[in-house]
Amino acid sequence: MSKRLLIVVVEPDSARAQPIADGLREAGDHDIRIIAEQSGLARQVADLRPDVVLIDIANPSRDVLEELALASGPAERPVAMFVDRSDEGLTRAAIEAGISAYVVDGLRPERLKPILDAAIARFHIFQQMRAELAATRAALEERKIIDRAKAVLMKARGIDEEAAYALLRKTAMDGGKRVADIAQQLVMAAGLLGR
Amino acid sequence: MTVLRLGYVPLIDAAPLIVAQELGFAAEEGLTLDLVRLGAWAQARDMLGAGLIDAAHMLVPMPVGQALGLGPALPGMDLVMVLSQGGQAVAVNRNLEDRLRRAGHDFAFDDARAAGTALRGVAAGRLRVGVPFHFSTQAELMRHWLPACGFVQDDLDLVTVPPPMMAEAMARGEVDAFCVGEPWASFAVDRGVAALLLPGTAIWAAPPEKGLVLLRDFTDARPVETGALMRAVWRAGRWLDDPDHRGTAAEILSRVIYLNLPPELAERGLTGRLTISARGEMRDAPRFVAFNAGAASFPWKSLAALFARRIAGRHGLDPQDAMACATRHFRTDLYRQHLRPAGTPLPGASSRVEGALAEDRTVAAERGGMILRADGFFDGFVFDPAAPVPGA
C-alpha cells in the first residue's frame, strides 16, 4: 500500500477550487489542501512539502512556483517540475486544459495519471466558461467602439445615428472587413486628427 | 491572410507585436496576428511548447534556461530576434527611499555606482529584491549591479514576483526593492509604495529584455510565415523608435484588450520621462527602451553565451557546454535570411565582446556601415565569449 499523496491546489477562487478538490477526492485517497492566499506562496508550498501542486496555467503566481522548483538543490527539492519526459500526451493535455502541475521527483506515472486526469476534466469546464466570458467582454468592447465611431460620424457629417451605422456597415462590407474593425480605425484616425 | 497566434505578457515591451497587428505591418506581410494576453512567463513557455501559440514574447534569458535543460521537457525553442532593450526600472520602498534621502542620495536616476553604494550604506539585514522570473534580464541586472556595489551573497534575496503584483508585494512588505519592466514600476510609484532609483540602462546601457521565440520545428516547417512575422515585427519596432510615435503607441497599448491601464502610465516608459517618487519628481532617461535602433533586434550569439555562463554558474553546469548549447538557440542565421529582404542592416559578425562599446559606433555591415549603440556596463565589465572560462 503506497502512502497517501499530499496534493496542493493553488486557486484564489473557492468556487473553482472546491470542484477541483472534489474531483481529486474521487480519483483516489489523497490529502488535498487548497491555498487561496497567494502572498508568500513559495513559503506556504515549501512548508507543506506536497507531492503534487496544481495551478491554473495563467495564474501569475506560477512563476513563483517555477523559482521554487529550480532554486533548491536536487536533494532538498520540495517540488520538481512536472516534466513528462515519460508521457508527452499527458503534459500536452494538461496544458491544453489550462492546468500546470508540479510534481515531486520520483512519483510514479501510474499514480500521477488519475490525479491529472481528474484535474484536467475539471479545468476543461472552467476553460469553457472563461472562453465564453472573454467572448462576452469582447462583444461589449466592440459595441462601445462602434458607438464612439457612430458619434464621430454623426458630428463630422451631420447625420443621424442610423445613417452613421449604415455608413459604417457599407464601408465594412465594401472592404471585406468587420464593422468593429472599421469603427476602430475611424476612432483612432479621429484621435490622431484631434476630433 | 494567414493567422498566427502570438502570446504576450502585458508590458510596454509587447509593443512591437501589438503595433505590428494594429498598424498593418502584419497585414502587409499577409498575416493576421491573434494576440493572446498571458498571465505568467511560464505560461508563454508551456503554451509555445504545446503548440497552442505560434510565437511568444519572452524574457531573453528564458530560451537560454530552456536550452540548458532547466525547464520542463518541451520541444526546442529558438530566439529569432530581440524585441526590446531596456524598459526596466529599479525601485525601493518608501522606507529605503527615506533613508537614502537622509544619507544625502540625490535620486539623480543616472548613476548606478552612486545609487548602489548609497543603498549598501542604508540597507539593514538582507535586501529582498523582487524580479519577475528566475530567468530574466532583471535578475541578471540585480545579480551584477548589487555585488559590484558591495553586497555579498548573504545580503541578497532575489524573490520572484509577477510584474502586475510587484506594487502589492512591496506594499505588503514582502520585498524591499525590485527590478521590473514598465509600466509596473510606475504603477508602484503611483500607488505611493515605491521610489524609482535607476533605469536598467544605467546598469547596462543596452540590456536585451524581450525576444521573439518560436519552436524550432515551426521555423523549419513554416519558413514563409516565420520570415513574414519577423519582418512585420521588425518594421513595427522601427516605427516605434521614432520618438514622435511613442505617444500613439502608448494609446494603442493601453486599450482594454491589451494593458488596460491609463495611457499616461505606459507613456512614461515609452517616452523615457518618468515620475520617480510620490513627490512627483520627474527624471528623463534617454534611451529608456529601444526596439530597433542601433541593431537592438539582432540576436547576438554572445548574449546567449553571456546569460548561459551566468546561469550555468548558479546551477552547477559546465559553462563551456552551456555557452555552446545556448548560442545554437539564438538564430542569427534566420535573422539574416528573413530580414535581409526588408533592408535590415546586418552586422558582419554574429558574436561580439559584450559591454565593449562606451559610445555609439559605426561598424562594417553586410552592405555599407551600420550604427551599433553603446552597450557598456556601469562598472566597465566586458564579456568575451571566446575567452577561456576562469577556473575551467
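**Exercise 1. Contacts in chain A**

In chain A, what share of the contacts with a separation of 6 or more comes from residues 24 or more positions apart?

*Solution.* Start with the ground rules. Residues are numbered from 1 along each chain as its sequence is written, and chains are lettered from A and ligands numbered from 1 in the order in which they are written. This is a predicted model, where local features need pLDDT of at least 70 and side-chain atom pairs count only at pLDDT 80 or more, while totals for chains, interfaces and linings use all residues.

Next, fix the term: two residues are in contact if their C-beta atoms, placed from the backbone, lie within 7 Å. With that rule, residues 24 or more positions apart account for 60% of the contacts in chain A with a separation of 6 or more.

Now add the burial of the chain. A residue is buried if 20 or more other C-beta atoms lie within 10 Å of its own, exposed if 12 or fewer, and partly exposed in between, with C-beta atoms placed from the backbone. Of the 195 residues in chain A, 33% count as buried.

**Exercise 2. Elements and domains of chain A**

List the elements of chain A in order, then find its domains.

*Solution.* Step one is the term: helices (H or I, at least four residues) and strands (E, at least two) are DSSP runs, numbered from the N terminus. Chain A holds seven helices and five strands. Read from the N terminus, they run β-α-β-α-β-α-β-α-β-α-α-α.

Step two is the domains, whose bounds come from an automatic or database domain assignment. Chain A has domain 1 (6-132) and domain 2 (136-192). Taken over C-alpha atoms, the centres of these two domains of chain A are 45 Å apart.

**Exercise 3. Where the chains meet**

Describe the side of chain A that touches chain B.

*Solution.* First count: 24 residues from chain A and 25 residues from chain B take part in the contact. Then look at the elements: helix 3 (62-71) and helix 4 (88-97) of chain A each supply at least two residues of the chain A side. Helix 3 of chain A gives the most, with six residues.

Last, sort by class. Ala, Val, Leu, Ile, Met, Phe, Trp, Tyr, Cys and Pro count as nonpolar, Asp, Glu, Lys and Arg as charged, and the others, Gly among them, as polar. The chain A side then has nine nonpolar, six polar and nine charged residues. For the model's scores, note ipTM 0.86 and pTM 0.87.

**Exercise 4. The two domains of chain B**

Which element gives the most to the side of domain 1 of chain B that touches domain 2 of chain B?

*Solution.* Begin with the bounds: chain B has domain 1 (2-85 + 207-256 + 291-347) and domain 2 (88-206). Their centres, over C-alpha atoms, are separated by 26 Å. In the contact, 18 residues of domain 1 of chain B meet 17 residues of domain 2 of chain B. Helix 4 (61-67), strand 10 (208-215) and helix 14 of chain B each bring at least two residues to the domain 1 side. Helix 4 of chain B gives the most, with four residues. By class, this domain 1 side has 13 nonpolar, two polar and three charged residues.

**Exercise 5. A sheet and its strand 3**

Trace the six-stranded sheet of chain B and place strand 3 in it.

*Solution.* Two strands pair if DSSP finds at least two bridges between them. The sheet is open, with the order 2-1-3-10-4-13 and mixed pairing. Strand 2 (31-37) and strand 13 (289-290) of chain B stand at the edges with a single partner strand each, so one side of each is left without a neighbour in the sheet.

Now move to strand 3 (residues 55-59) of chain B, which pairs with strand 1 (residues 2-8) of chain B in the parallel sense over two bridges. Here Leu6(B) has Ala55(B) as its bridge partner. With strand 10 of chain B, strand 3 pairs in the antiparallel sense over five bridges, and Ala56(B) stands opposite Val213(B).

Finally, check burial. Ala55(B), His57(B) and Leu59(B) point one way and Ala56(B) and Met58(B) the other way, and all are buried. Five of the five residues of strand 3 of chain B are buried, so this strand is largely enclosed by the rest of the structure.
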